[in-house]
Protein chains: 6
Amino acid sequence: MSRIDGRTPDQLRPVTLERGWSRHAEGSVLVHFGDTRVLCTASVTEGVPRWRKGSGEGWVTAEYSMLPRSTNTRGDREAVKGRIGGRTHEISRLIGRSLRAVIDYRALGENTIVLDCDVLQADGGTRTAAITGAYVALADAVAWMHRTRMLRPSRKVLTGSVAAVSVGIIDGTPMLDLAYEEDVRAETDMNVVCTGDGRFVEVQGTAEGAPFDRSLLDSLLDMAVKGCAELTVLQQVALAEELPSTDRG
Amino acid sequence: MSRIDGRTPDQLRPVTLERGWSRHAEGSVLVHFGDTRVLCTASVTEGVPRWRKGSGEGWVTAEYSMLPRSTNTRGDREAVKGRIGGRTHEISRLIGRSLRAVIDYRALGENTIVLDCDVLQADGGTRTAAITGAYVALADAVAWMHRTRMLRPSRKVLTGSVAAVSVGIIDGTPMLDLAYEEDVRAETDMNVVCTGDGRFVEVQGTAEGAPFDRSLLDSLLDMAVKGCAELTVLQQVALAEELPSTDRG
Amino acid sequence: MSRIDGRTPDQLRPVTLERGWSRHAEGSVLVHFGDTRVLCTASVTEGVPRWRKGSGEGWVTAEYSMLPRSTNTRGDREAVKGRIGGRTHEISRLIGRSLRAVIDYRALGENTIVLDCDVLQADGGTRTAAITGAYVALADAVAWMHRTRMLRPSRKVLTGSVAAVSVGIIDGTPMLDLAYEEDVRAETDMNVVCTGDGRFVEVQGTAEGAPFDRSLLDSLLDMAVKGCAELTVLQQVALAEELPSTDRG
Amino acid sequence: MSRIDGRTPDQLRPVTLERGWSRHAEGSVLVHFGDTRVLCTASVTEGVPRWRKGSGEGWVTAEYSMLPRSTNTRGDREAVKGRIGGRTHEISRLIGRSLRAVIDYRALGENTIVLDCDVLQADGGTRTAAITGAYVALADAVAWMHRTRMLRPSRKVLTGSVAAVSVGIIDGTPMLDLAYEEDVRAETDMNVVCTGDGRFVEVQGTAEGAPFDRSLLDSLLDMAVKGCAELTVLQQVALAEELPSTDRG
Amino acid sequence: MSRIDGRTPDQLRPVTLERGWSRHAEGSVLVHFGDTRVLCTASVTEGVPRWRKGSGEGWVTAEYSMLPRSTNTRGDREAVKGRIGGRTHEISRLIGRSLRAVIDYRALGENTIVLDCDVLQADGGTRTAAITGAYVALADAVAWMHRTRMLRPSRKVLTGSVAAVSVGIIDGTPMLDLAYEEDVRAETDMNVVCTGDGRFVEVQGTAEGAPFDRSLLDSLLDMAVKGCAELTVLQQVALAEELPSTDRG
Amino acid sequence: MSRIDGRTPDQLRPVTLERGWSRHAEGSVLVHFGDTRVLCTASVTEGVPRWRKGSGEGWVTAEYSMLPRSTNTRGDREAVKGRIGGRTHEISRLIGRSLRAVIDYRALGENTIVLDCDVLQADGGTRTAAITGAYVALADAVAWMHRTRMLRPSRKVLTGSVAAVSVGIIDGTPMLDLAYEEDVRAETDMNVVCTGDGRFVEVQGTAEGAPFDRSLLDSLLDMAVKGCAELTVLQQVALAEELPSTDRG
């Protein structure tokens, strides 16, 4: 079974994680999953939302958005429409939840990190690219907090890493990391977020066409776990490189 | 392991499906999952949204909302806040997707059915109760369309049934149909939507605490499939009864 | 002159006041005026809005809303439209004003009671049913405040009771408590809110068709006063029963 | 009993109705009720709202607003807040209803008249001044429609006139046309809209302090009817004068 | 070259500045530039916006708005649309910036002055009339602050005066203070804000038709400076008169 | 006088114009003015806004936005706030107006081109970079329309080119193309938009500190015209290169 771009069913698209893309942010990554490009920035601020004040614990949250012409046909800006759509809300919440799964709030102290994931170009898998890139931006922001003595060295904020990938069933065959044209044709679409040690943070599977049975679900999960493991290695490689210098020092 | 309300881990709360609750709607069900009460109404209108006109196909959508004092502490109305929150959006979309999984759009013709799921009292599992009840309201609305000759008898709009249930891990033990107090304590929370023949429409699992491994995921899926099968029987029993007469005749 | 449901012109529809309907609220009533059903909940919170802080006085306010399919044809949700309509605003303000007429703010202390009146099914007279039911929910909430020692026994928060009813002129004849079909045909429509001792809290009369003269106005007022007196008795009977136990204890 | 401005209890403030104030509008009046100044413009457009198309009938509606510093302390603009408040909605609806009471929709044909009532300076009675002034602007707009042959001479759009006044009880005494300082002190506040022949279009009475009994209500109604009759004469006098020329010709 | 109203190219329309128009505001001016009428009120409040607290410095800001029928065809209210349009935002910002150019924030102390500029009738040049009138209202508000001892006599809040005028090129000829019909025909439109001593605060030139060259730009600037100088004299004359007494005393 | 980055007062920052950056858009440019990076995409659609239908003329408009962490401290998203701020509105309008100055609407036919200018990183001059980049994206979109036969070769849509630059006075010295740190310190700030043949499309000068006199204004204009001429050459060079292939072909 050959895919539109010549990949094998269980092959990721070319993935790059360009750290230090933004000069202002405490952490920033331009992530490519093939032609999908998401700019992920991590912004650190002292203090926490009101409902968390005095708890001694920090907070991590995320906002996802697409540029109007990141897609094939131009979409209206949500700022112009005056309201955020359901899909945007849903993905922002997913990204935030996924990253919070590896945060030790107490180690973070009463500080907040906001992950902004802005899709510059979309070709399927924007939410999984966002999570995978945002983790790297988050790791850089935490490193910045240590480097600037905002956190003492003993504070281990990150309890692990997270990566995410999409899987789907096309013409009955499970496939990894769907490009947009594949996504449209998929009967079932699943997004899986795993920790670096292979456990699940989030499993979201939807039958777009016919409902799916347990054996297909199992094969999708197997493929997703394998994909996340590869992404974890790419994250580790990216983080092992020296960070380009930015305003944040 | 005993639960707060004395249930066994794999036991549903008492479930009732009161059909014909509303005098105006083409289909309506007041569903109880224990103390969770959701009023589900199905509204039939001729015509479809603009983007679907001329397709010969129908549309089914859903809106979910909670009354301000359906919860333990009063929540602000989204109408007063002037915007719909992310959680509301997400659940509305889930309900709509779940029901569309058993709709034959072509058989429905260019008609729209809107499912309104309003939570009158919340005690955990509002979204799964909403899906389970909304299916019954939908079935009644389709029957109404046949009875009133809006659809010819040969048009089989429903290709199956759907039901939904939550499962979660509490103190390491998988449990079915979590009440609110259990939900708060769950390390992992999963909502599963199944068709009447036991296939998956939607699987949404989230690690609220520690990430979960494959074997726990498998046991949660097993338990959810069993719970949905029981709910399917309850739906069938409810639909086999005679419908109270309403304005809709 | 016989009415569509066989009532005499000055006869109320069957009225029921089901207390303790909601498990979470400090006071709650499901009120029926015939087929009109409104769920009224009273929520108590410590503290008052900012503009009243430090005054030593409490506050009572109300919010009214209709479920989308409470009516014969489905209405759009105000939360989805992103703004509250004029009619909703007007009725919410009317309910709040009516209940505040029997509140001793100083006895209430710096506490707030919010009355939520959600119309589950509409058949005319939703605002008058809401006021009549909300008073009972309010009385239960005040009793709860006494029972839980939030208020000392000497604090008499309620200075009286309120009930409300609609009256209208149909084909030249004054009629009490109009059902929806009657309301649509009424030349003049009036809503009257009275205290338990028969004085007026609010009189709102509108000529829907031809302007009305003083003698018709007088006969409408007479009929409304009589209707409110009957509702006052029904409120007293309901409040004399033992309250079902709820979460609120 | 002497009033703050020396009036007798049943005396109106000085009222002026300056026609043709705006050069652009089809009808316009700057109305003074003492220090209350409201600019009322009537805008004629061909066509009607969508829900009325093809009916052969016209539509009349109104919008009320206060300039931010029309009041003693500056209020935030509703445009800045992004939503219209309940009071504004309520008054806009009242003005529209009041004027529609004297409109023959069929004679108007499928045309729309919008009455904008903008309070330039507020000193009590803004809604009653608005209705009284808006009627005159409406009459001028209808005359303009006849003069420009938009309506044939035989089309009698106006079936009568409307005027409005406030009455209230201060220290137990009924008083006419309350100024702001009086309004604040009133135990009961009533707004009454009458036709030129003395019938009621709208009666809205509210107990701000203690509930009121029937005899007080009767005396308020008597006083209001008398006040509206005087305003009707002032409207007739104003309309008998020659209209200053405007852009509208 | 004769203009539609008979003016010479470098002649202002008749300008009047009616002080003390509003009884409530600390400063108020009804300004006419020909048929353009703008009501400018200055509202003084103690305290400053949050971001300026503790700075010891004051703040001056402005809001501009047009009544719906101030123009030839009725425009929708921004409050009804629920959002402020770009043009309104832009002009509000321009007015605020222009007035702040002559404010000594430190002398003002932590007080805020809001200038509301509401266009009652529009015939071109509404923003320049607003700035010219708002300066006079501002001067009256500052005088009020001195008179009421809110500011000590030594505090010189105003470092100068500002006035504004529009210039444009019509059929190749530069013209001063364009009326609406001229504005529509102008190839280039420029708004210039000058201080009383003839320096520039703001220069905003836009090629509506063909781009313009440097010599035309120079002649427009010359004409605008001359127009602002004349307006400055009119402001001085107006401020030299005795202020009508208002509520503000 | 040396600048923070070593430039001479009349020297531009390094400028790059990367065409074909986006795979989906009909024209796209990533423009750098030093560290300021703006992604400009041009989206072509058939048809025009409603108010222009049937005119035979096209339309060009622009939307400007900043990513939340394009700046030194994170700004809230306008989509989250639910409304577009005044500055965003103002710049969007400026960009649209500037580009429309070189459009022959009739040659464009009833087609619309939307320019989206999203600031990925801000360091002063974002609006001038946006205009300069958007012109190149626009030129590519028009070329695409010709290449795809959407426009016949004889249709010359562009009547010229536009470029924009900021100038300001710092410590009394005029300087070209201010970086953010310079912008903050500037006493006067001016944005100038010129056509390729050196005429003015827009001149917007603001005294941030002291008002400025005519001779300073003249020197700023001289410097801006020279800067725009250099940018025009850079645009020409960029457009002379071969366009990378995109989805748009």
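Let me start with Cys40(F), which in this predicted model counts as buried, because its relative accessibility is 0%. Cys117(F) is likewise buried, with a relative accessible area of 0%. With two buried cysteines in view, you may well ask which cysteine sulfur is closest to that of Cys40(F), and how far away it is. The partner is Cys117(F), whose sulfur is 4.1 Å from that of Cys40(F), and this is too far for a bond, because a disulfide is counted here for sulfur atoms within 2.5 Å. Taken from the other side, the closest cysteine sulfur to Cys117(F) is the one in Cys40(F). Over all chains, the count of disulfides by this rule comes to zero.

Let me turn now to how chain F relates to chain A. A turn of 180°, with a shift of 0.0 Å along the axis, lays chain F on chain A with an RMSD of 0.0 Å. The two copies are therefore related as by a two-fold rotation axis. Which residue of chain F comes closest to that rotation axis? That residue is Ala79(F), with its C-alpha at 1.8 Å. As for the surfaces involved, 100% of the interface residues of chain F are also interface residues in chain A, so the copies meet through the same surface.

The last part concerns the interface of chain E and chain F, where 26 residues of chain E are in contact with 26 residues of chain F. The area buried between these two chains is about 2600 Å², and carbon and sulfur atoms give 51% of that area. On the side of chain E, the residues that lose the most area to chain F are Phe200(E), Pro211(E) and Arg214(E), which together account for 23% of what that side buries.

As to the polar side of this interface, the rule finds 17 residue pairs in polar contact across it, both residues being at pLDDT 80 or more, and it also finds six salt bridges between chain E and chain F. One of these salt bridges is formed by Arg214(F) with Asp218(E), where the closest N and O atoms are 3.4 Å apart.

Which elements of chain E, then, give two or more residues to the side that touches chain F? They are α2 (86-100), β9 (200-207) and α6 (214-240) of chain E. The largest share of that side comes from β9(E), which gives eight residues.

Notes
Residues are numbered from 1 along each chain as its sequence is written. Chains are lettered from A and ligands numbered from 1 in the order in which they are written. This is a predicted model: local features need pLDDT of at least 70, side-chain atom pairs count only at pLDDT 80 or more; totals for chains, interfaces and linings use all residues. Side-chain values use heavy atoms; hydrogens and water are left out. Copies are superposed by least squares on the C-alpha atoms of residues with pLDDT of at least 70 in both. Contact means heavy atoms within 4.5 Å. Buried means under 20% relative accessible area, exposed over 50%, partly exposed in between (1.4 Å probe, protein chains only). Buried area is the accessible area (1.4 Å probe) that two parts lose on being put together, summed over both. A salt bridge is a side-chain nitrogen of Lys or Arg within 4 Å of a carboxyl oxygen of Asp or Glu. A polar contact is a pair of N or O atoms within 3.5 Å; within protein, one must be able to donate a hydrogen and the other to accept it, and residues adjacent in sequence count only if both atoms are side-chain atoms. Helices (H or I, at least four residues) and strands (E, at least two) are DSSP runs, numbered from the N terminus.
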